[in-house]
Structures are given as structure tokens and as C-alpha cells.
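Reader: I'm in my first year and still learning how to read a protein model. Could you take me slowly through the largest cavity and what surrounds it?

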Amino acid sequence: MPETPYTVSDVMTQTVIAVGRDAPFKEVVGLIDQWKVSALPVLVGEGRVIGVVSEADLLAKEEFRDGGEEDAERDERRKAAALTAGELMSSPAVTVHANASVAEAARIMARRHVKRLPVVDGVGLLQGVVSRSDLLKVFLREDEEIAEEIRHDVLGRLPITTELTVTVRDGVVVLSGPLPDRTLVPIVARAVRAVEGVVDIRLDLSHR
């Protein structure tokens with residue numbers, strides 16, 4: 001992992017299992033089972049992402065096996081009758097760009113209720129896949145690594161003339177020391193909280 005994994009490209013998985021739009025239903029199920037993933041990107045041409053087939057898409061066929069389609073929504077009925085990835089997929093795909101921040105990817109996952117995002121370039125070609133577990137890698141950074149970044153790359157760039165003490169334990173940052181102006185407190189706190197791997201922040205600051 002790089003020193004500061006700010007972007008999706010730093011944490012994504014580059015080896016991706018994907019399918020074409022004509023892949024049969026059974027092949028899709030087999031790949032999901034074999035590779036232990038929850039969804040597969042659907043590609044056309046040279047690798048442009050046009051959709052995603054998830055476990056939820058596949059389950060529609062089992063859900064309505066014993067009837068009940070008349071009460072289902074149109075999209076559910078379509079997926080229950082689907083035979084190929086192109087008929088099963090959710091489209092357009094929810095994707096993220098490789099240069100997006102890890103925080104942005106996390107927000108997309110939360111708002112769209114997905115576990116994995118295909119990572120694409122500017123023209124929609126598949127670059128990798130990022131999962132929830134990939135995004136959590138930022139919390140594996142060493143405490144001292146986080147502390148050093150805060151001392152040099154964060155506090156060193158703020159308008160602070162005094163030296164603050166930075167300690168980090170289990171990702172929790174403690175800042176202590178004097179600040180020349182209490183109005184700097186929210187600025188310092190916001191900048192430190194933005195550092196990848198920070199779990200929480202505690203302030204023990206005095207003001208003139």
C-alpha cells in the first residue's frame with residue numbers, strides 16, 4: 001500500500017473477473033461461486049462497462065420459481081426470465097473513476113447500496129474493481145506513519161507558529177499543545193481527520 005492511499009487506484013483490485021453480455025446464466029453463477037465475489041461487471045468491445053450482474057439479480061430466478069411473478073415489479077419479472085448476463089444486469093453500471101478519492105467511493109457505495117464498484121477510466125473502460133474491504137485497507141496504516149504525515153504534511157502547512165504534540169494509538173489521534181488562536185481549532189481538526197487511516201481525533205489544546 002502506498003504511503004497515503006488517497007485514490008481508488010491505490011486500493012482497488014486490478015485483476016477483475018468479468019463477463020460479456022451473452023454469457024449464460026449458469027456461467028455467471030459459476031464464476032461468482034468460483035471467485036467468491038458478489039457481482040461481475042458486464043463488458044462489451046475492448047472492455048467498456050455496460051452493467052453489473054449481482055447475486056441479487058441472479059436470485060430473482062429462484063425467488064419466483066414457484067410462482068408469484070404477477071405481484072413482482074417489471075424489473076424483477078425481467079430478471080426472473082433472464083438467460084444471459086445482458087438480460088440480468090443492472091444498467092447503467094454504478095462505477096467510480098480510478099482517480100476518485102477513497103471517501104468518494106465509500107459515499108457512492110453507501111448511497112447506491114452496492115458492495116463493489118467497477119473502476120473505469122475516462123471513456124468507461126474497466127481498470128479494476130474496488131470493494132468495501134478494499135476501502136477499509138486505509139485503516140491498516142501504522143500509527144507512527146499516520147503521526148508523521150500529520151506532523152509534516154498537515155500541521156506543517158497550516159498557519160500555526162507553535163509546535164503541537166501528535167500521538168496516535170490504534171488510529172486515534174491526540175493533539176496537544178498551545179494554539180495561537182482558538183479559531184484555528186476546527187481547521188486543525190478537519191485537516192487531521194482527513195488523513196487516511198485516522199479513526200478518531202482527541203484535542204488537548206490551549207489558547208492564548
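Author: Happy to! Let's begin with the wall: by class, the lining of the largest cavity has seven nonpolar residues, no polar ones and one charged residue. Please keep in mind that this is a predicted model.

Which residues line the largest cavity? They are Ala39, Leu40, Pro41, Val52, Arg116, Leu117, Pro118 and Val129. Strand S2 (39-44) and S5 are the elements that give two or more residues to this lining. The space inside the largest cavity comes to about 50 Å³, and the structure holds one cavity of 30 Å³ or more. If you wonder how a program finds such a space, rolling a probe the size of a water molecule over the atoms shows where empty space is left.

Now follow S5 outwards into its sheet. Three strands form an open sheet in the order S4-S5-S6, with mixed pairing. S4 and S6 stand at the edges with a single partner strand each, so one side of each has no neighbour in the sheet. S5 and S6 run antiparallel and are joined by five bridges. Two names from the cavity wall meet here: Pro118 has Val129 in S6 as its bridge partner.

The same strands take part in covering a helix. The buried residues of helix H6 (residues 102-112) are Val102, Ala105 and Met109. Why do they share a side of H6? They cover an arc of only 60 degrees around the axis, which puts them on the same side of H6. Ala110 and Arg111 are exposed on the other side of H6. The cover over the buried residues of H6 includes helix H1 (8-11), strand S4 (96-97), strand S5 (116-120), strand S6 (126-131) and helix H7 (132-135). H6 is followed by His113, which has a positive phi, near 55 degrees.

His113 leads us to another space, the largest pocket. About 400 Å³ of space lies in the largest pocket. Of the 19 residues that line the largest pocket, Val52, Ser54, Ser90, His113 and Val114 are the closest to its centre. You have already met Val52, which is one of the residues that line the largest cavity. Strand S3 (48-54), helix H3 (55-63) and S5 each supply at least two residues of the pocket lining, and the largest share, three residues, comes from H3. By class, the lining of the largest pocket divides into eight nonpolar, five polar and six charged residues. You can set that beside the cavity, where the lining has seven nonpolar, no polar and one charged residues.

Ser90 gives us a link to one more residue. Lys79 is found in helix H4 (residues 74-80). Is Lys79 buried or exposed? Lys79 has a relative accessible area of 8%, so it is buried, the cut-off being under 20%. Leaving out residues up to four places away in sequence, Lys79 touches Asp57, Ala60, Leu88, Met89 and Ser90.

For a contrasting case, try Glu27, which is found in helix H2 (residues 25-35). With a relative accessible area of 40%, Glu27 is partly exposed. Glu27 and Ala85 are 58 residues apart in sequence, and their C-alpha atoms are 9.1 Å apart in space.

To finish, here are two parts you can use for practice. Helix H9 (residues 185-193) has Val185, Val188, Ala189 and Val192 as its buried residues. These cover an arc of only 95 degrees around the axis, which puts them on the same side of H9. Their cover includes helix H8 (143-154), S8 and strand S9 (200-207).

The other part is a hairpin. In a regular strand the side chains alternate between the two faces of the sheet. Strand S7 (residues 165-169) has Val166 and Val168 on a covered face, and Thr165, Thr167 and Arg169 on an uncovered one. S7 runs antiparallel to strand S8 (residues 172-179), and five bridges join them. Arg169 stands opposite Val172 in S8. The hairpin of S7 and S8 has two residues between the strands, and Asp170 takes a positive phi there, near 55 degrees.

Conventions: Residues numbered from 1 in each chain as written. Predicted model: local features only at pLDDT ≥ 70, side-chain atom pairs only at ≥ 80, totals over all residues. Heavy atoms only, no water. Buried < 20%, exposed > 50% of the residue type's maximum accessible area, 1.4 Å probe, protein only. Helix = DSSP H or I, 4+ residues; strand = E, 2+ residues; numbered from the N terminus. Arc of directions from axis to C-beta. Contact = heavy atoms within 4.5 Å. Pairing = 2+ DSSP bridges. 1 Å grid on protein atoms, 1.4 Å probe; cavity = no way out; pocket = protein on both sides within 12 Å on 5 of 7 lines; lining within 4 Å. Points joined across faces, edges and corners; volume = space filled by probe spheres on them. Nonpolar A, V, L, I, M, F, W, Y, C, P; charged D, E, K, R; others polar.
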